[in-house]
Amino acid sequence: MTELHMAKKRRKPKFGILVAAPVLALALVLAGCSTNTQSVFHTDSSANSSTVSDVAQVPWDYKIVEGTVGDLIGSDMTILPDNTLMPNDNNYATGDKIWGLQFMDAEIKTDAQKRNEIRLSAWRTIKTFKDENSAKADMDNLKLLLTTEVDLVGVYKTEYNGEVRNFAVVELPTGNRMKQPIDDKRYDALAKAKTVNVYLEEVHDFADYDLAYAKFRGWAN
């Protein structure tokens, strides 16, 4: 586990909560994604500025899985089919159907060229519920769909074996840059733009809500 420090925001984005987002793409760390919270990250930096890299331990994703209570072991229980051992805080009985909230985090290394190397953890159950709706409501508080305006670094074309591809490069509020393929229509629309609206999904840490990570989910205009 890396050492905590506060990440400084480059700019304060404006956000709105969305019902849905169309595209899943490369995710990048975002500080301060919501209007009433400030995201912080665990980071370390090496001493050599020419090869400097930041390491961040960030929340990556949540999901809900259905299971069955197996053996009761003291104040704990196993959850089938994987025999996951969890505290039996809700006084479940053997054979009860339950829904578990599972969590995955990630270690992200960012080098001096702002390229990311991501290592994902295994899924682990962190909380159980007696019904699926309660589990979904809890997860909805930890995963927020947002829209924000970000800087557009530029657009460019590449050609390989006679095939031309278009790309756009945007910079998120932390300074991380990401590349996305775009079609000809969007290339023309962004050719002279300085900023662009994008969809983001902000994932919050269940134990520390101020620790957050944002995934690019598509173009908002």
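# Briefing: a strand-based chain and its ring pairs

The chain has a mean pLDDT of 79, and 75% of its residues reach 70 or more; pLDDT is the predictor's confidence in each residue, from 0 to 100. This is a predicted model, so to speak of local features we need pLDDT of at least 70, side-chain atom pairs count only at pLDDT 80 or more, and totals for chains, interfaces and linings use all residues. Residues are numbered from 1 along each chain as its sequence is written, and side-chain values use heavy atoms, with hydrogens and water left out.

**Overall picture**

- You're looking at two helices and 15 strands; helices (H or I, at least four residues) and strands (E, at least two) are DSSP runs, numbered from the N terminus.
- Of the 221 residues in the chain, 43% are buried. Buried means under 20% relative accessible area, exposed means over 50%, and partly exposed is in between (1.4 Å probe, protein chains only).
- Take the contacts (heavy atoms within 4.5 Å) between residues at least 6 apart in sequence: 63% of them join residues at least 24 apart.
- Among the elements, E6 has the highest mean pLDDT, 97, and strand E1 (residues 4-5) the lowest, 32.
- Over residues 1-50 the pLDDT is below 50, and this stretch has 143 contacts in the model beyond near neighbours in sequence.

**Aromatic pairs**

- Rings of Phe, Tyr and Trp (its six-membered ring) pair if their centres lie within 6.5 Å; planes under 30 degrees apart count as stacked, over 60 as edge-to-face and the rest as tilted. By this rule there are five aromatic pairs.
- One of them is the tilted pair of Trp-60 and Tyr-213, 5.3 Å centre to centre with 40 degrees between the planes. Trp-60 belongs to strand E5 (residues 53-73) and Tyr-213 to strand E15 (residues 212-219), so this pair ties together parts that are 153 residues apart in sequence. Both Trp-60 and Tyr-213 are buried.
- Phe-103 and Phe-206 make an edge-to-face pair, because their planes are at 70 degrees, with the ring centres 5.1 Å apart. Phe-103 is in strand E8 (residues 97-111) and Phe-206 in the loop between strand E14 (195-204) and E15, so here the parts tied together are 103 residues apart in sequence.
- Phe-103 is buried at 1% relative accessibility, while Phe-206 is partly exposed at 41%.
- Tyr-62 joins Phe-103 and Phe-206 in one aromatic cluster.
- Not counting residues up to four places away in sequence, Phe-206 touches Tyr-62, Phe-103, Ile-126 and Leu-142. From Phe-206 to Lys-127 it's 9.9 Å, C-alpha to C-alpha, with their positions 79 residues apart in sequence.

**Lysines over rings**

- A charge sits over a ring if NZ of Lys or CZ of Arg is within 6 Å of the ring centre and within 35 degrees of the ring normal.
- Lys-157 lies over the face of Tyr-187, 4.1 Å from the ring centre.
- Lys-179 does likewise over Phe-167, at 4.8 Å from the ring centre.

**Hairpins**

- Strands E6 (residues 76-80) and E7 (residues 84-87) pair in the antiparallel sense over four bridges; two strands pair if DSSP finds at least two bridges between them. Ile-79 stands opposite Thr-84 in E7.
- Three residues separate E6 and E7 in this hairpin, and Asn-83 in the turn has a positive phi of about 60 degrees.
- Pro-81 is in the loop between E6 and E7, and a cis peptide bond joins Leu-80 to Pro-81, with omega about 15 degrees.
- E8 and strand E9 (residues 116-120) also pair in the antiparallel sense, over five bridges, with Glu-107 opposite Arg-119 in E9.
- The E8 and E9 hairpin has four residues between its strands; Lys-114 in the turn has a positive phi of about 65 degrees.

**Other backbone oddities**

- Most residues other than glycine have a negative phi, and most peptide bonds are trans.
- Asn-91, not a glycine, has a positive phi of about 55 degrees. Asn-91 is in the loop between E7 and E8 and is exposed, at 67% relative accessible area.
- Asn-161 also has a positive phi of about 55 degrees without being a glycine. Asn-161 is in the loop between strand E11 (143-160) and strand E12 (163-171), and counts as exposed at 68% relative accessibility.

**Glu-201**

- Glu-201 is in strand E14 and is buried, with a relative accessible area of 9%.
- The side chains of Glu-201 and Arg-217 share a polar contact of 2.5 Å. A polar contact is a pair of N or O atoms within 3.5 Å; within protein, one must be able to donate a hydrogen and the other to accept it, and residues adjacent in sequence count only if both atoms are side-chain atoms.
- Leaving aside neighbours within four places in sequence, Glu-201 is in contact with residues including Lys-143, Leu-144, Tyr-213 and Arg-217.
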